[in-house]
Amino acid sequence: MKILAIETSCDETAVAIVEDGRKILTNQIYTQIDIHQKYGGVVPEIASRNHVEKLPLIIDTAMEDSGLTYEAIDAIAVTSGPGLVGALLIGVSQAKAMAYALNKPLISVHHIEGHIAANYLQFPELEPPFLSLVVSGGHSHLIMVKNYSDFEVIGKTLDDAAGEAFDKIARVLGLGYPGGPAIDKAAKQGNPEAIDFPRVWLDKGSYNFSFSGLKSAVLNYLNTQKMKGRAIVVEDVAASFQAAVVEVLTTKAIECALDNQVNQLSIAGGVAANSALRKKLSDAAGENKIQLYYPDVNLCTDNAAMIGAMAYYNYQAGKVADKKLNAVPNLKIGDH
Ligand code: KG4
Ligand code: ZN
């Protein structure tokens, strides 16, 4: 089954064609990062306008690159949420129009479930049940994937998402947008033990996260240094902040897997591209005999191939959308 998938939930205009949930036939991404960079973050209205302009061109490129005709496409899939409502609407309207004109089924995909499915594209052996740590610009979740379309949220952030914290700290350090890759790079030249930033564990046995205290601690540190006329070593701040985030994510993910007796753990979402997180989780998973899966960096950040992968399993579970499909900016997992 060949699914053409569209992803426009934030600042990437992406189109892919995926076969049977596992094989990428084409994966096209137009990123608007350069456009939003000068504003220090994504400007929703500008994102929507760029999606309108670029989406038809990206679809043409995907069709050309795959060498397929529209007749060979079996279904159209689209991210219907969560995300920026205006941005989501562009993808949803396009997908509905295509499904109607081509007379093909329409499949709605939850963006976070898509991130989880990115792992299927790279690891043919990966099958549920497994635990997934989904860490992106908008989400930090620990999710039990009981079956391909049956998810249980075991933990989530009570305030900032991990990626949001990376972006905010990068901004105050003058490292630009998006912050995650910039901090990752700066941290490589810094000392992760230079500053002892807090690790927030919350109640014993809780798998929830909280990053706002850490963010305040970094801001306080920077203000104090400035007030006392002391130098700020950006690389050390980046490395010490990153170490605090990575330690909490790693410890909670491993404990959660052990407590729930699952020996497979996957990571997904933009922050899963972080080199320190990949290294620490790999070591910890190895020590605890847990098989760790993480996709290539271009499948961690937003893309449409992951939406095509998840759409296949939604279709297998009988989840097909109708022409009333709408964009839902705060869509809950499993709720579509
Ligand atoms: O999944 P994604 O592309 O979009 C959302 O669904 O939010 O994630 C984007 C987030 C941004 O906050 C970005 O700073 C972060 O992922 N990110 C990283 C890295 N690459 C991207 N965070 C830490 N280290 C990275 N290497
Ligand atoms: Zn995402």
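Strand S6 (residues 130-135) and strand S9 (residues 264-268) run parallel and are joined by 4 bridges. The model is predicted: local features require pLDDT of at least 70 and side-chain atom pairs pLDDT 80 or more, while totals for chains, interfaces and linings use all residues. Residues are numbered from 1 along each chain as its sequence is written, and side-chain values use heavy atoms, with hydrogens and water left out.

**Sheet**
- Within the S6-S9 pairing, Ser266 of S9 is the bridge partner of Ser132.
- These strands belong to an open sheet of 5 strands, ordered S8-S7-S6-S9-S10 with mixed pairing; strands are DSSP runs of E of at least two residues, helices runs of H or I of at least four, and two strands pair if DSSP finds at least two bridges between them.
- Strand S8 (150-156) and strand S10 (291-293) are the edge strands, each pairing on one side only.
- From one strand to the next, the twist averages 25 degrees.

**Helix packing**
- Helix H4 (residues 111-122) packs on the sheet and touches S6, strand S7 (140-147), S8, S9 and S10, contact meaning heavy atoms within 4.5 Å.
- The direction of H4 makes about 120 degrees with that of S6; axes are lines fitted to C-alpha atoms, for helices over the stretch in contact, and angles run from 0 to 180 degrees between N-to-C directions.

**Aromatic pairs**
- The structure holds 9 aromatic pairs, defined by ring centres of Phe, Tyr and Trp (its six-membered ring) within 6.5 Å, with planes under 30 degrees apart stacked, over 60 edge-to-face and the rest tilted.
- Phe123 and Tyr293 pair edge-to-face, at 5.1 Å centre to centre and 65 degrees between the planes.
- Because Phe123 lies in the loop between H4 and S6 and Tyr293 in strand S10, this pair ties together parts 170 residues apart in sequence.

Methods:
Chains are lettered from A and ligands numbered from 1 in the order in which they are written.
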